[in-house]
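Please open the model in your viewer, show the backbone as a cartoon, and keep the selection panel at hand for the stops that follow.

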Amino acid sequence: NFSLVADYEENRFNVLNLAMQKLKNYFASLEFDISEPLYVVDVYKVLQRSPGVVDVLDVKIIHKNGGSYSDTTYNFNDHLSTDGRYLNAEIDTVFEMKFPAADIEGSIT
């Protein structure tokens, strides 16, 4: 989940849709290895570089489980670096964006 500020001269809904598409493309291009961290700062970079975005206010990595997702639980807060820049993976963990079209949510002001 993320929150953005749009340039006041731009249509904020177009800015939001473009940012979401950029993020979907970014995650589609990633293939995580076992124990590879997820760099939250890279998500900020992708969003910040999206046209019409003035600022990225917040990025939250959300764990989803059950149903079509894995049944395992993983406390992201316990594995987030102290500076919030990356999410550590345990030795037997692989991160995945299972359904980018449904799992990526954003808001814009």
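Begin by selecting phenylalanine 2 together with valine 59 of strand S3, since in this predicted model phenylalanine 2 stands opposite valine 59. Keep phenylalanine 2 selected and add glycine 106, which is the bridge partner of phenylalanine 2 in strand S5.

Now widen the selection to the strands themselves. Strand S1, residues 2–6, pairs with strand S3, residues 53–59, in the antiparallel sense over 5 bridges, whereas the pairing of S1 with strand S5, residues 106–108, is parallel and runs over 3 bridges. In general, the strands of a sheet pair through backbone hydrogen bonds, either parallel or antiparallel. With S1, S3 and S5 all displayed, you are looking at an open sheet of 3 strands in the order S3-S1-S5, with mixed pairing. The edge strands are S3 and S5, each of which pairs on one side only, and from one strand to the next the twist averages 25°. If you then colour S1 by accessibility, you should find the strand mostly covered, with 4 of its 5 residues buried.

Select helix H2, residues 40–48, next. H2 lies across S1 and S3, and runs at about 155° to S3. Which residues of H2 are buried? They are Val40, Val43, Val46 and Leu47, and if you turn the view until you look down the axis of H2, these buried residues fall within an arc of 115°, so they line one face of the helix. The spacing is worth recalling here: an α-helix has 3.6 residues a turn, so residues three or four places apart point the same way. To see what covers the buried residues of H2, show the elements in contact with them, which include S1, H1, S2, S3 and strand S4, residues 86–87.

For the last stop, move to serine 35, in the loop between helix H1, residues 12–29, and strand S2, residues 38–39. Inspect the backbone here, where the phi of serine 35 is near 75°, a positive value in a residue other than glycine. Most residues other than glycine have a negative phi. Is serine 35 buried, partly exposed or exposed? Its relative accessibility is 30%, and because buried means under 20% and exposed over 50%, serine 35 counts as partly exposed.

How values were computed:
Residues are numbered from 1 along each chain as its sequence is written. This is a predicted model: local features need pLDDT of at least 70, side-chain atom pairs count only at pLDDT 80 or more; totals for chains, interfaces and linings use all residues. Side-chain values use heavy atoms; hydrogens and water are left out. Buried means under 20% relative accessible area, exposed over 50%, partly exposed in between (1.4 Å probe, protein chains only). Helices (H or I, at least four residues) and strands (E, at least two) are DSSP runs, numbered from the N terminus. Two strands pair if DSSP finds at least two bridges between them. The arc is that of the directions from the helix axis to the C-beta atoms. Contact means heavy atoms within 4.5 Å. Axes are lines fitted to C-alpha atoms, for helices over the stretch in contact, and angles run from 0 to 180 degrees between N-to-C directions.
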